[in-house]
Amino acid sequence: MPEHDDTPRPETAGSDPAAASPAHDPAPAPSSAAPPASASAAPTFSAQFREAVQNAGIARVAPGEAPSGRALLGAVGGVRGLAESVLPGFAFLVVYAITKELVPSVVIPVVVGLVFVALRLLQRQSLTMSFAGILGVAVSAGLALITGRAESNFIPGIVINSVWLVGLLITLAIRWPLIGLVVGFLLPANEDGSHVDWRADPAKRRVLTVATWIWVGLFALRLAVEVPLYLTAQVELLAGLKLILGVPLYAAVLWVTWLLVRTVFVRRDDTATV
């Protein structure tokens, strides 16, 4: 579920200023027998996954909070993120519909993506998502130019949707629905440091499973629409429907997920209870 996000990143647990402040008690006198300070331990997979979730757009939709249009806009990347996501594909559709020429149809979206990268450079903003976006557009353009077929421009998107679909189905098959893992890591950990206590609550597990199935439906719908159009080389229709099934559908599914999760994760006294 790719995204672009210009809003400030949420602070991680390690960013608490109080935790970083020096202790008030005087430090013990240095001793020659004291062992040398060891290097900090490498972050665990759990910590890395939590950080990735907190930096993702879906983290804007905090469990238990009332849905708002502003938070949803932030979750899909804000105005800048929407433009970066939509304009390259829209440029391909317009240019191809007018010219029916392959080269300008795939080169102009790359130029549009580079413009966004240049704007971020000038404004000294993070380039991570812009580079990810321009890489995807460039790979799509390269495939189309190599094969000489305009519909090859959509192969990377079809592959990405397929990977997400398979990944979600695997998490459901092993009874660790992906949306449950994501939501768990957006909430405070238990006393034992666990973020998966929702699995012991049948109501929460059921809702998170349903939410994961909804995301399965999103990727399955994209593939059901796009693959036949790709195979029959209906390029203009494919480009148009891809835009509709992109950010708008993603935002709608994210909103429904938010509403579902809120039914079992509610805030009381400004604290999300699990």
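1. Helix α5, residues 102-122, contributes the most to a nonpolar patch on the surface, giving 6 residues. The model is a predicted one. The patch covers about 600 Å² and is made by Val-103, Val-107, Val-111, Val-115, Leu-119, Leu-122 and Leu-145. One of these residues, Val-107, sits in helix α5. Val-107 has a relative accessible area of 36%, so it is classed as partly exposed, the range between 20% and 50%.

2. Helix α4 runs over residues 78-99. Its 22 residues, at 1.5 Å a residue, should span 32 Å, and the C-alpha atoms at its ends are indeed 32 Å apart, so the expected and the modelled span agree. There is nevertheless a bend to note in α4: a kink of about 30 degrees at Val-86, shortly before the proline Pro-88.

3. Which residues of α4 are buried? They are Gly-78, Arg-80, Gly-81, Glu-84, Pro-88, Ala-91, Phe-92, Leu-93, Val-95 and Tyr-96. Phe-92 and Tyr-96 appear again in the ring contacts, where ring pairs link Phe-92, Tyr-96 and Phe-154 into a cluster.

4. The backbone just after α4 deserves a look. Lys-100, in the loop between α4 and α5, has a positive phi of about 55 degrees although it is not a glycine. Most residues other than glycine have a negative phi. The relative accessibility of Lys-100 is 46%, so this residue counts as partly exposed.

5. A second residue of this kind is Ala-233. Its phi is also positive, about 55 degrees, and Ala-233 is not a glycine either. Ala-233 is placed in the loop between α9 and α10, the latter being residues 235-244. With a relative accessibility of 37%, Ala-233 counts as partly exposed.

6. On aromatic contacts, the count comes to 6 aromatic pairs. One of them joins Trp-215 and Tyr-250, edge-to-face, with 5.6 Å from centre to centre and 65 degrees between the planes. Trp-215 belongs to helix α9 (residues 202-231) and Tyr-250 to helix α11 (residues 247-262), so this pair ties together parts that are 35 residues apart in sequence. Are Trp-215 and Tyr-250 buried or exposed? Both are buried.

7. Another edge-to-face pair is formed by Trp-255 and Trp-258, with centres 5.8 Å apart and 70 degrees between the planes. Both of these residues lie in helix α11, 3 residues apart, which is about one turn of the helix. Their accessibility should be noted separately. Trp-255 has a relative accessible area of 29% and is therefore partly exposed, whereas Trp-258, at 3%, counts as buried. The cut-off behind this is that buried means under 20% relative accessible area.

8. The last point concerns a separation in sequence and in space. Ile-158 and Phe-219 are 61 residues apart in sequence, and their C-alpha atoms are 9.4 Å apart in space. Ile-158 is part of helix α7, residues 155-173. At 12% relative accessibility, Ile-158 falls under the 20% cut-off and so counts as buried.

Key
Residues are numbered from 1 along each chain as its sequence is written. This is a predicted model: local features need pLDDT of at least 70, side-chain atom pairs count only at pLDDT 80 or more; totals for chains, interfaces and linings use all residues. Side-chain values use heavy atoms; hydrogens and water are left out. Helices (H or I, at least four residues) and strands (E, at least two) are DSSP runs, numbered from the N terminus. The expected span of a helix is 1.5 Å times one less than its number of residues. The bend at a residue is the angle between axes fitted to the seven residues ending there and the seven starting there. Buried means under 20% relative accessible area, exposed over 50%, partly exposed in between (1.4 Å probe, protein chains only). Patches are made of residues with over 30% relative accessible area and no salt bridge: like charges are joined within 9 Å, nonpolar side chains (Val, Leu, Ile, Met, Phe, Trp, Tyr) within 5 Å. Accessible areas come from the Shrake-Rupley method with a 1.4 Å probe; for residues, only the protein chains shown count as cover. A salt bridge is a side-chain nitrogen of Lys or Arg within 4 Å of a carboxyl oxygen of Asp or Glu. Rings of Phe, Tyr and Trp (its six-membered ring) pair if their centres lie within 6.5 Å; planes under 30 degrees apart count as stacked, over 60 as edge-to-face and the rest as tilted.
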